[in-house]
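Here are some notes to read alongside the structure, written for someone meeting it for the first time. Please keep the view open while you go through the points.

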Amino acid sequence: MNKRTRFCIVLIVLAVCFWFLWPSISWYARTPKDQQSLALGSLEKIKDYTTEKAEGEVDEIIALAEKNPDATLDPSYDYLVKAAKKNYMKLAKAYKEAGQDFEIPSEMTVANVLRSFRSYSASGARSAVSSVIEGKYRDEILEAKSRYNNSVKLGLDLSGGMNIIVRADLDAALASQKAAAKEGDFIDEAQYRKDAMAQAIETLTGRIDKFGLTSPVIRQQGEDRIYIEIPGAADSESVNTIIMGKGILNFRLVDEDETNKFKSYYAVNRANTFTADGKLKDPSIISDDCEVFGLYRKGDYGLDERIDYLVVKKEIALDGKHVTKAIVTSDQTTNQPEVNFILDSEGADIFADFTSKNVNKRLAIVSDDKIKSAATIRQAITGGSVSLSGGFSVDEAQNIQKVLQTAWLEVPLEVESQQVVGASLGDEAIRQGMMALAVGLALVLGFMLVFYLGAGFNAVVAQILNMYITFAVLSAFNLTLTLSSIAGMILTVGMSVDANVIIFERIKEELRLGKSRAVALNMGFENAFWAIMDSNITTFIAAAFLSQLGTGSIQGFAVSLAIGVCSSVFTALFVSRLMFDFNTDVMRKKNISISWSIK
C-alpha cells in the first residue's frame with residue numbers, strides 16, 4: 001500500500017471518529033449544565049418545564065405590548081419575530097389571491113408581532129405565541145436529549161443511580177391465560193411470551209417516566225429478565241412500588257350528563273378541581289357511581305397528552321382479560337383506519353348484553369387510569385368481534401391496538417437484584433479513574449520519549465490517537481463508560497505501546513547492522529508485523545470471549561480492551577509508519593533519533 005493511500009485512510013479514520021465523537025463533545029463540552037439537567041429529566045418534566053416557561057414569557061410579552069405597543073422585543077425573541085414575518089407573508093398572499101391589498105408592517109414592534117398570529121388583540125394571540133415559544137424550548141431540550149442518547153454514557157458506578165434486574169414470570173402469566181381460555185382455543189405460546197415481555201417493558205417505561213424519574217434505561221435481558229438503569233438519585237422504595245404495580249385495562253360507559261356537569265364546573269374552577277395526585281378535591285361534583293379520567297393522545301413529546309376529561313361509570317362493563325386479539329384494518333367504504341379486536345366466549349356474551357342495552361352511548365377504553373379511546377356504540381355487538389372506528393389516524397389506531405393487545409396481560413414481576421450508587425461516590429470514582437488513566441498514560445509516554453528520543457514522539461502521537469479512536473468507537477455504538485471500562489483502557493495503554501517497542505527494537509537491530517534509514521524502517525516494520533499481530537489477535541480473542549460470556553464489569557472491561565487492541569494495531573502500523581515515512585521522504589532525514597547509543 002503506497003504512502004498516499006495510507007495517508008488518505010488515516011485522514012478518513014480521523015474524520016469518521018470525529019463525526020462519532022461530536023455528540024459526546026457537544027453534550028459534555030457545549031451543552032450548558034442547566035440544559036443538561038433538563039434533558040436528563042423525564043419527558044413529563046420536560047413538557048411541564050416548557051409549558052410553564054412559555055406561559056410565563058407570553059405574560060411578559062403581552063404586558064409589554066399593553067404598556068408600550070411600539071417597543072421591540074429582546075434579540076432572544078428573534079425566532080418569534082421570524083415566525084411573525086412568515087405569518088404576515090402568508091396573510092399578504094391570501095389577501096392578494098382575494099384581490100385585496102395588504103401592507104406588511106415595516107417594523108416588527110411587539111404589537112405587530114402579536115397581531116401577526118391571526119389576531120388583532122394581545123389576548124387572542126396568546127395560544128399561538130405560547131405554542132411557538134414552547135416549541136422553541138421543546139426543540140432545544142429534545143435536541144440536547146438526542147445528543148445525550150448518541151454520546152458516551154457514564155455508568156452508574158460513575159454517575160450514581162440505581163440498577164435493577166426484574167424477572168417476569170412468563171410461565172405464571174401463560175398458565176393464567178390458558179386457564180381463562182375456552183376449550184379448543186389455540187394459544188401461540190412463543191408469541192404470547194413475546195407480547196407479554198413487550199407489555200411488561202412498555203408498562204414499566206410508562207410508569208417510571210410518569211413518576212418523573214430521570215431518563216431511565218429499560219431493556220430486555222435474556223428471555224424473561226428486564227434490566228432497568230435509573231441515573232441520579234431515586235428512592236428505592238418508590239421505584240419498587242412502581243415496578244410491582246400491575247396494568248389494568250377495562251371498558252366503561254361514559255356518562256354524558258355527568259361529563260357535561262363536570263366540564264361546566266372545571267371551566268370556572270381549573271386551579272381548585274384536582275389535588276396534586278390527580279384526585280378530585282370535591283368528589284360531590286359528580287355522582288358517587290362515577291369517576292373522572294383524562295382522555296389521552298400521543299403528543300409532540302411522545303407522551304400521552306390529555307386532550308379532554310370524561311366522566312365514566314365506576315362499574316366495569318368488560319374486563320380487558322377477555323380480549324384475545326387486536327389488529328388495525330381499514331374501513332372498506334371510507335378507507336379510514338379502524339381497530340378490530342376479538343373477545344373470548346365469556347367476553348362475547350358479556351359485551352353483547354351490554355352493547356344491546358347501551359346503543360348510541362360512548363364506551364371508554366381505560367388503561368392505567370387513562371382513557372385511550374371513547375367510541376360510540378352504534379348497534380348491539382354480538383359474536384365477540386368488535387370494530388372501533390371514529391376518524392382515527394394510523395398512529396392513533398396502532399396505539400389503541402397496542403393497548404388492547406398487550407395492556408391486559410398481567411405479568412407477575414419480581415425484583416431479583418438492586419444496586420444503589422451515590423452520586424458523590426460516582427464523582428470520586430470518575431476523578432480517581434481518570435487520574436489513573438492520565439498518570440498511566442503520562443508515565444508510559446514519558447518513558448517512550450526518554451528511552452526512544454525522537455521515535456518516542458511517534459509513539460506519543462500514536463497513543464493519543466489510540467485513546468481518541470477508542471472513545472470514538474464507544475460513542476459510535478452508544479456504549480457506557482464504567483470503572484471497568486477505564487481499567488480496560490489503562491491496560492490498553494500498556495499493551496498498545498508494546499507494539500511500538502517491538503517495532504523500535506527491530507529498527508534498532510537493522511541500524512546496528514549499518515543499514516540506511518529507509519531500509520531499516522522497512523525491515524523493522526516487516527519483521528515486527530506478525531509478532532504484533534499474533535499477540536494482539538490472541539488478546540482480542542480473549543477479550544471477545546469475555547465480552548460474550550462475562551457480565552457487568554467483566555463485560556465492560558473486555559469491550560474497552562477489544563476496542564483498544566484494534567485501535568492500537570492501526571495506530572502502530574499505520575500512523576507511526578506514516579510519520580516515519582514523512583520524515584524520510586518530505587523532511588529528507590537520513591538518520592533516526594531512536595536510541596542514545598545509535599547516532
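1. Before looking at how two helices pack, it helps to know that an axis here is a line fitted to C-alpha atoms, for helices over the stretch in contact, and that angles run from 0 to 180 degrees between N-to-C directions. Please also bear in mind that this is a predicted model.

2. With that in hand, consider helix α4, which covers residues 78–97, and helix α6, which covers residues 126–149: the two pack at an angle of about 130 degrees, and their axes are 10 Å apart. Because of this angle, α4 is oblique to α6, and the crossing of the two helices is right-handed.

3. On the α4 side, the contact is made by Y79, L80 and A83, while α6 contributes V129, V132, I133 and K136. Sorted by character, the residues of this contact comprise six nonpolar and one charged, with no polar residue.

4. Turning to aromatic rings, a search of the whole structure finds 18 aromatic pairs. One of them joins W19 and F20 in a tilted arrangement, 5.4 Å centre to centre, with 40 degrees between the planes. W19 counts as exposed because its relative accessibility is 63%, whereas F20, at 29%, counts as partly exposed.

5. Another pair, F451 and Y452, is edge-to-face, with 4.9 Å from centre to centre and 75 degrees between the planes. Here F451 is partly exposed, with a relative accessible area of 38%, while Y452, at 2% relative accessibility, counts as buried. Both residues belong to one aromatic cluster, which also includes F447, F504, F525 and F580.

Definitions and conventions:
Residues numbered from 1 in each chain as written. Predicted model: local features only at pLDDT ≥ 70, side-chain atom pairs only at ≥ 80, totals over all residues. Heavy atoms only, no water. Helix = DSSP H or I, 4+ residues; strand = E, 2+ residues; numbered from the N terminus. Parallel < 35°, antiparallel > 145°, perpendicular 65-115°, else oblique. Left-handed = near helix turned anticlockwise from the far one by under 90°. Contact = heavy atoms within 4.5 Å. Nonpolar A, V, L, I, M, F, W, Y, C, P; charged D, E, K, R; others polar. Phe/Tyr/Trp six-rings, centres within 6.5 Å; stacked < 30°, edge-to-face > 60°. Buried < 20%, exposed > 50% of the residue type's maximum accessible area, 1.4 Å probe, protein only.
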